[in-house]
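Here are a few exercises to work through with the model open in your viewer. Try each one before you read its solution.

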Amino acid sequence: MTVMEQTLEEAKKKAEEREVLLDLENVSLSFGGVKAITNISFNVKKGEIRAIIGPNGAGKTSMLNVINGFYQPQEGVITFNGKKRKSMKPHLAVDQGIARTFQNVALFKGMSTLDNIMAGRATRMKQSMFWQMLYWGPARQEEIEHRKKVEEIIDFLEIQHIRRTPVGTLPYGLQKRVELARALAMEPELLLLDEPMAGMNLEEKEDMSRFILDVNDQLGTTIALIEHDMGVVMDLSDRVVVLDYGRKIADGVPEEVQSNQEVIDAYLGLSH
Amino acid sequence: MFYRTSGQFKTTYESDQALFPIKQDMILLAVILAAMYVVFPMFASEFTFKALLVPVLIYSLASLGLNILTGFAGQLSLGTAGFMGVGAYACYKITSIFPEMNVVVALFLSGFFSAAVGVAFGLPSLRIKGFYLAIATLASQFFLVWLFEKWAWLYNYNASGAIEVRTMDIFGLVVTGPNASPVVQYYFVLGIVSVVTFAMINLTRGRYGRTWKAVRDMDIAAELVGINLMRAKLSAFAVSSYIVGIAGALMVFFWKGAAEPNLFDIPMSFQIVFIAIIGGLGSVMGNFLGAILIVALPVVLNLLPGMLGLNIGSATMEHVNVMVVGSLIILFLIVEPHGLARFWALIREKLIIWPFPH
């Protein structure tokens with residue numbers, strides 16, 4: 001057995017040992033006659049970084065939208081944390097501990113960085129309108145408690161200097177980071193990242209990779225990410241699932257997927 | 001130099017989240033409040049109260065209500081005057097059914113009626129946005145004015161079809177009706193406007209404000225961070241209509257003394273929309289600046305020739321007035337499309353670093 005094969009075996013074994021957090025079984029989604037996802041099954045295990053890759057239009061973003069309840073799949077069973085879900089709404093997904101970021105930055109442009117991240121904690125704040133109008137007593141206490149939490153995240157992602165800046169005026173790379181901060185403010189168990197490195201330069205990509213690894217490592221958050229940069233995907237992720245035309249064509253540790261003939265065909269094109 | 005913030009360090013989140021973290025802001029506000037509460041009542045004439053101070057305050061409040069809905073929550077509304085009417089008529093009915101009730105209590109109760117009506121007419125906002133929603137609220141405007149005219153129970157079957165405020169007193173002090181002193185009415189309006197403004201500043205910088213702004217800036221993202229869109233939009237409609245309703249009741253009870261249904265017609269809705277836009281959408285202070293420009297300026301301009309000893313006919317003056325105010329509105333919108341509040345924010349930023357711009 002070569003060294004390569006040994007590490008491959010180890011990676012596989014490590015993946016085997018983990019508990020399943022999210023399980024999708026035969027999920028299908030179509031819009032009218034267009035089939036976006038056909039009969040896909042895969043799982044995400046606790047504590048891992050799971051990449052979803054595939055050529056454009058493969059159904060990756062639809063997959064994330066199904067996971068966080070934005071789309072309702074017509075068929076299939078989704079189990080999160082051991083519970084089968086019936087109908088799903090995005091705000092229910094948040095309550096269960098699923099947060100996400102978007103392919104095109106979806107921040108609240110008129111609000112400051114701080115307010116954007118605080119908005120991520122909106123569902124955790126419970127004080128009544130009466131106390132909030134006074135901004136005194138329990139409401140003030142609550143604001144401060146959440147502010148502390150938010151400041152921790154700001155420190156973690158190193159965005160202290162833009163705390164008060166309206167996010168609409170920030171450069172793209174920082175906006176992506178603020179969006180990650182907002183998702184983290186929800187204290188998710190499962191974090192869905194839709195192309196976190198799209199449109200970034202090398203330095204920004206390296207920063208973002210570091211943050212993703214830190215989040216996974218230090219906060220113990222399970223991450224499912226879509227990414228086109230193969231270097232990033234192969235380096236970061238524990239396991240990769242490959243989609244093409246709404247179907248799953250490969251699933252496994254990066255080394256396995258990389259050498260899969262179907263994946264190579266899907267990416268490079270096949271002569272017919 | 002005067003507005004420098006260096007040396008004002010915050011060491012706790014409490015002090016960082018205080019209402020006015022910068023000392024100079026607090027001093028400025030104290031000066032304005034002192035002027036409003038002490039200086040004006042000492043020197044102002046009856047005319048000043050009736051034509052300048054009270055109208056500006058009431059229009060500011062109505063615009064604040066609209067701003068909660070349009071500026072903070074991003075839901076366009078053209079039905080403001082209708083909701084003001086609901087507040088006024090509700091207050092009128094409450095005070096005539098319960099003659100013993102304190103008029104301030106009646107005022108705050110009547111807000112709940114306009115809030116309920118506002119929520120009902122806000123239901124379309126769950127499905128439609130932008131201009132389409134504006135048209136839906138316009139429908140409420142027409143419907144409500146029609147209702148005020150046709151439903152005789154609302155104006156106690158008066159022959160005139162108008163509501164007239166009778167004389168009411170609080171602990172012996174006459175506050176409404178023809179015998180009330182303008183100073184007393186001014187203090188009542190000022191007090192209520194201050195309380196509501198304070199509450200709204202707090203509400204808009206807390207959870208509700210963030211929720212509303214999130215819905216305004218990107219509703220899909222708001223939904224995906226776990227905000228319940230229905231609750232956010234309807235709460236904005238409720239709070240907005242509540243304030244607008246109180247403003248309407250104040251207008252009739254503490255300013256005009258009587259009202260016909262057509263007072264609450266479209267022109268007033270538009271006037272309030274103008275105030276909100278020129279003052280600055282998404283700002284609390286902007287409403288006051290906008291009201292000063294749109295409500296007070298024409299009155300001052302009308303008086304100007306008399307004060308300067310010029311002999312200009314009042315009809316001519318009226319035309320000049322419209323021209324001056326109109327061009328000022330256009331000028332301000334070109335210079336600063338985000339309204340007077342942003343204008344002030346820029347001046348303040350400059351003042352903070354002045355006289356060393358680097």
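**Exercise 1.** What share of the accessible surface of chain A belongs to carbon and sulfur atoms?

*Solution.* Keep in mind that this is a predicted model. Start with the total: the accessible surface of chain A is about 12,600 Å². Carbon and sulfur atoms account for 50% of that area. Now do the same for chain B, where the accessible surface comes to about 16,800 Å². Here 71% belongs to carbon and sulfur atoms.

**Exercise 2.** How many positive and negative side chains does chain A have, and how far apart are the centres of the two sets?

*Solution.* Count the charges in chain A: 33 side chains are positive and 40 are negative. Next, locate the centre of each set; the two centres lie 7 Å apart. Repeat for chain B, which has 20 positive and 16 negative side chains. In chain B the two centres are 8 Å apart.

**Exercise 3.** What does the globule rule give for the 272 residues of chain A, and what is the radius of gyration?

*Solution.* First get the secondary structure of chain A, which has 11 helices and 10 strands. The radius of gyration of chain A is 20 Å, close to the 19 Å from the globule rule for 272 residues, so chain A is as compact as a globular protein of that length. For the outline, its C-alpha trace spans about 70 × 40 × 35 Å along the principal axes. Then look inside: 52% of the residues in chain A are buried, with under 20% relative accessible area as the cut-off. Last come the contacts between residues at least 6 apart in sequence: in chain A, 67% of them join residues at least 24 apart.

**Exercise 4.** Put chain B through the routine: how many helices and strands does it have?

*Solution.* Chain B has 14 helices and 4 strands. Its radius of gyration is 21 Å, close to the 21 Å that the globule rule gives for 358 residues, so chain B too is as compact as a globular protein of its length. The C-alpha trace of chain B spans about 70 × 60 × 45 Å along its principal axes. Buried residues make up 49% of chain B. Of its contacts between residues at least 6 apart in sequence, 72% join residues at least 24 apart.

**Exercise 5.** How many of the residues of α4(B) are buried?

*Solution.* Find the helix first: α4 of chain B runs over residues 80-97. From first C-alpha to last, α4(B) reaches 26 Å, close to the 26 Å expected for its 18 residues. Now check burial: 16 of the 18 residues are buried, so α4(B) is largely enclosed by the rest of the structure.

**Exercise 6.** Is Phe2(B) buried or exposed?

*Solution.* Go to the segment before α1 (13-16) of chain B, where Phe2(B) lies. Its relative accessible area is 65%, so Phe2(B) is exposed. Beyond its neighbours within four places in sequence, Phe2(B) touches Gln24(B) and Trp354(B). For scale, Phe2(B) and Ile97(B) are 55 Å apart, C-alpha to C-alpha.

**Exercise 7.** Where in chain A is Asn39(A), and what is its phi?

*Solution.* Asn39(A) sits in strand β2 (residues 34-45). Its phi is positive, about 50 degrees, although Asn39(A) is not a glycine. Asn39(A) is partly exposed, at 48% relative accessible area. Then try Asn81(A), in the loop between β4 (75-80) and β5 (83-84). Its phi is also positive, near 55 degrees. Asn81(A) is partly exposed, with a relative accessible area of 32%.

Notes
Residues numbered from 1 in each chain as written. Chains lettered and ligands numbered in written order. Predicted model: local features only at pLDDT ≥ 70, side-chain atom pairs only at ≥ 80, totals over all residues. Heavy atoms only, no water. Helix = DSSP H or I, 4+ residues; strand = E, 2+ residues; numbered from the N terminus. Rg over C-alpha atoms; globule rule 2.2 N^0.38 Å. Buried < 20%, exposed > 50% of the residue type's maximum accessible area, 1.4 Å probe, protein only. Contact = heavy atoms within 4.5 Å. Areas by Shrake-Rupley, 256 points an atom, 1.4 Å probe, with all protein chains shown as cover. Lys, Arg positive; Asp, Glu negative; His and termini not counted. Charge placed at Lys NZ, Arg CZ, Asp CG, Glu CD. Expected span 1.5 Å × (residues − 1).
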